[in-house]
Amino acid sequence: MLRPLHISLRLACCLLFCFQLVCPSHAPAQVNNAANAADSIPNFPLRKSGLELERATRAGAFYAVTGRRAAAFGYEHRALEAWVYPLKILDDFKLSFDIEGYPLEFTGADTLARVQVRPEATTFTYSHAAFTVRQTIFAPLDEPGIVMLLDVESALPLTINVSFRPRLRLSWPAGLMTGSLSWNERARVYYITEETRRFAGVIGSPAARDVSVMPYQEEPRDVPARFRVEVPAGAAGAKFIPIVIAGSVEGRERAKAAYDRLLATVPSLYEQTVAHYERLAGETLQLSTPNRELDEAFAWAKVGVDKGVVTNPLLGTGLVAGYRTSGESERPGFAWFFGRDALWTALALDAYGDFGTTRAALEFLKKFQRADGKIPHEISQSASLIPWFTEYEYPWASADATPLYVIAHADHFRASGDLKFLQANWDSIIKAYRFTEATDTDANGLVENTKFGHGWVEDGPLQPAHEEIYMQGLWVAASRDLAELASALNDGAVAARARANAERTRAAAEQTYWLPARGFYAFATKRRAAEPPEADPGPNRAARQARMNALRDALIYDEDTVLPAVPLWFKTLSDERAQTQIDQLGAGALATDWGARLLSNESQLYDPLSYHNGSVWPLFTGWASMGAYSYGRPHVGLQALMSNALLTRQGAEGYVTELLSGDFNAPFGRSSHHQVWSEAMVVTPAVRGLLGLETSNAGCALRFAPQLPADWNRLDVRNVRLGDTRYTLTYERTAGRIKINVRRQQTGTADTAKSAGVAATAKPLNASGATSATVITVAPALPLDARVRGVTLQGRPATFTPVRAGDVQRPELSFVAELPDTEVVFDYDEGTDVYLAPRIPARGETSRGLRVLRARAEAGTLNLLLEGRGGQTYTLGVRTPHKLGSAPDVSVKDSSGARGDDAQLLIQFKGQPQTYVRREISIPLRPAGR
């Protein structure tokens, strides 16, 4: 029996855990440790769920293999770390290889050649002239562990060396006691334990041979633990060599039981994981557009969001924020539970129809709601082991999660019609609403951050903010939503109060934040600073300090930020003012080729390396996209959406990072490279903005109002979920005609407020709008100079309502969906619109793409508002039935564009090469043939 030496696992440098060498069975000459049938798993097909990305490896690129209970994180050509929540089991995990007859050891970093990423697993290929080793890593969906399968082909006998540093650290900030490492020769596993015997980890392989044992009396050394797997030549193809990592918060025996269970059921666990991602792809919203990059990004974004679901055995199941390696810390990115992250993400879950995960996220936050109604900002993975909610500032740091909680409940009810869930959570929703309502301490109609938690910005020169416009947008939306929910529950008094609050705050926000001379809304009100402000180190520090000094006694931060995009999303701002605000959101001062900055780069406070005062967040980009689409500005909306979508393959394959530099297309080193709400901001703008899909009336009404680029002629959307029913929507555009087909896929019987019926014909909605059946509204966006000649429903003429917003008009038709298949046809005279191919910026590049802010064709003229870099000429496609006239510094040419027959505008921008220049251009439109 081995007697372990106990050594602290919390030392800054990991020390090798030493043991007393008493068992002669460790001697390699006495044991045949070459991999054989007893040491391996029969090769089985590694079936694929559908999505797959493969490329040559790239040094430093992040990867994450995550399940509900465990995860492995690493960087290509570097080491891996493994977690079984809430424990960090080990880190510095590496492979290396010895070939018989070769005096050198070949490291994994030097031989790693390719990476293949699928939702269910990640496979690394190590390549040498004498061998190929494929390492497939997967996290079984609901098991506390990680499985690695090594598929080995070798011309010579090969020894695989596995090294790691045992950690057994609780997730920040709990810490742990003294730990120990021991090797069990019979089971071929290492146990990683600590003195309370409550927490334990296990790593091993049935083919493993320990080579870490040193004499007991030796001083501990700073070297990792190691074991070896010996593979004879010619053993390729028949077997996988498994390596399993497991953990438990219920002691060593439970950890070992998990290890044994994982090892015994690898094929079935792998198949279960594949089947889960097949269901995610096949049963939630599927998108097929003419843009392959967007379709791929959307499919991967659903996977990224789903991988945010985490089960902690001490807390329950909720949504974490994102993933990165923890390094020498116990903080793996943001892999713990955040209120506002989960709630922004819940809007994406409802958009693609995963109602169960939305309910789980809301129930998790409800469980930890404070007695006064406030929703937690963050909940550590170790929160149950320390006085987290009473002695730490982090749980209650922000104010925005609380109104978002109301918004998310309303969004879920509109989509699902789950009346029982609403009733069960009504008291919690009311408590949250009343908490935020009480933060308007001076009764001026604006909810406050002072004393109640930050809104968006947490620190830096934009702090302290007293009343952020971001919070006012959330509060108006929450008030409107509460009124809707109260009406569904027949609570007229609450509904009336909430509607009054919404209107009062809307009016107060317009009066307080609008800056008429600047054409945008201010960031926040402020109070006079008690202490002289001091600018943080970084670029342009002197300019930032001067601006902070000037703002010291001001009562408002009149800065141009992305944050008005949030009230734009929820349509709480004046229509006319919203249009000029969207000009700001799409302009080069805020918008880069890779997303939206928080703060304009024309501000003296701008710092491209600041977390809050200049960096680009895909979250902000999603807000900007939604804000633009909400007010009929599809060009600004699409450019922001594609900025996010094109990040899917830039860093961690398939996932979108947390934040990037404001000046260069490069993520911060501290960024969580798989950030869940970043992926949500591919989904939500695509579904609710580009497609214009919105559900309402407790799962009884669906609106399909696409704002498609001018060069798109088709669209297919499957599994659009409305209550218990799924629909397939198809859009087909030919010259002068749009056909929209609405087909019901299936109807369920879950507990919702919906009742649907089937009759012989589709019926237009009656004038009163009263119906208990499903109501479908279709309203495709058209250019302003298009003229709708007529609309038919199932081949019969139907009456439509014309609606104008921003750069588009819509012929809007609503009908009761009583047939399983309904066709709506819009006949019209074509109008004029422009399009721009999405530009994929190179890593490290500065922003240089064209910004299309407005494109409005009226009174025989195409009016464009554009921004481009000085000294550059850009090409813009034009879809129009007219002949294009001339304009200064604009050339017109015919070409075989994306549609094959479109004209193109070549537009020159004069000015400094590094500066964005704004141009207003008017192009005469003449009848064709003249």
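Helices (H or I, at least four residues) and strands (E, at least two) are DSSP runs, numbered from the N terminus. With that in hand, welcome to a predicted model. The tour below takes in an open sheet of four strands, a helix whose 16 residues are all buried, H8, an enclosed strand, E23, and seven cavities of 30 Å³ or more. Along the way come two cis peptide bonds, one before Pro 86 and one before Pro 464, and residues with a positive phi, including Leu 168 and Asp 889.

**The open sheet**

- Four strands make up this open sheet, and their order across it is E47-E50-E53-E52.
- The strands pair in the antiparallel sense.
- The edges belong to E47 (833-835) and E52 (890-894); each has a single partner strand, so one side of each lacks a neighbour in the sheet.
- From one strand to the next, the twist averages 35 degrees.
- Five bridges link E52 with E53 (residues 903-908), and this pairing is antiparallel.
- To place that pairing by residue, look for Asp 894, which stands opposite Ala 903 in E53.

**Backbone points worth a look**

- Most residues other than glycine have a negative phi, and most peptide bonds are trans.
- Asp 889 sits in the loop between strand E51 (883-884) and E52, and its phi is near 60 degrees, a positive value in a residue that is not a glycine.
- Is Asp 889 buried or partly exposed? With 31% relative accessibility, Asp 889 counts as partly exposed, since buried means under 20% and exposed over 50%.
- Leu 168, in strand E13 (residues 158-170), also has a positive phi, of about 50 degrees, without being a glycine.
- Leu 168 has 2% relative accessibility and therefore counts as buried.
- The bond from Tyr 85 to Pro 86 is cis, with omega near 5 degrees, and Pro 86 lies in the loop between strand E6 (80-84) and strand E7 (87-99).
- A cis bond also runs from Gln 463 to Pro 464, here with omega near 0 degrees; Pro 464 is placed in the loop between helix H9 (419-437) and strand E25 (465-468).

**Helix H8**

- What span should H8 (residues 401-416) have, and does its geometry agree or disagree? At 1.5 Å a residue, its 16 residues should span 22 Å, and the end C-alpha atoms are 22 Å apart, which agrees.
- H8 is mostly covered, with 16 of its 16 residues buried.
- Gly 417, just after H8, takes a positive phi of about 65 degrees.

**Strand E23 and its partners**

- All five residues of E23 (residues 334-338) are buried, so the strand is largely enclosed by the rest of the structure.
- E23 is joined to strand E22 (residues 316-323) by two bridges, and the two strands run antiparallel.
- Strand E24 (residues 378-379) is likewise joined to E23 by two bridges, again running antiparallel.
- Phe 337 of E23 is the bridge partner of Val 320, and Phe 337 is also partnered with Ile 379 in E24.

**The largest cavity**

- The structure holds seven cavities of 30 Å³ or more, and the largest encloses about 130 Å³ of space.
- Its lining has 14 residues, and those nearest the centre are Asp 350, Ala 351, Leu 693, Glu 694 and Thr 695.
- Which elements give two or more residues to this lining? They are helix H5 (339-352), H8, helix H17 (676-690), strand E34 (693-696) and strand E36 (714-722).
- By class, the lining of the largest cavity has seven nonpolar, one polar and six charged residues.

**The second largest cavity**

- The second largest cavity has a volume of about 110 Å³.
- It is lined by 18 residues, with Tyr 63, Ala 64, Val 117, Thr 122 and Tyr 655 closest to its centre.
- Strands E4 (62-66), E9 (112-118) and E10 (121-128) are the elements that give two or more residues to its lining.
- E4 gives the most, with five residues.
- The lining of the second largest cavity has 10 nonpolar, two polar and six charged residues.

Definitions and conventions:
Residues are numbered from 1 along each chain as its sequence is written. This is a predicted model: local features need pLDDT of at least 70, side-chain atom pairs count only at pLDDT 80 or more; totals for chains, interfaces and linings use all residues. Side-chain values use heavy atoms; hydrogens and water are left out. Two strands pair if DSSP finds at least two bridges between them. Axes are lines fitted to C-alpha atoms, for helices over the stretch in contact, and angles run from 0 to 180 degrees between N-to-C directions. Buried means under 20% relative accessible area, exposed over 50%, partly exposed in between (1.4 Å probe, protein chains only). The expected span of a helix is 1.5 Å times one less than its number of residues. On a 1 Å grid over the protein atoms alone, a cavity is a set of points where a 1.4 Å probe fits but cannot get out, and a pocket is an open set with protein on both sides within 12 Å along at least five of seven lines; lining residues have an atom within 4 Å of a point. Grid points are joined across faces, edges and corners, and a volume is the space filled by probe spheres set on the points. Ala, Val, Leu, Ile, Met, Phe, Trp, Tyr, Cys and Pro count as nonpolar, Asp, Glu, Lys and Arg as charged, and the others, Gly among them, as polar.
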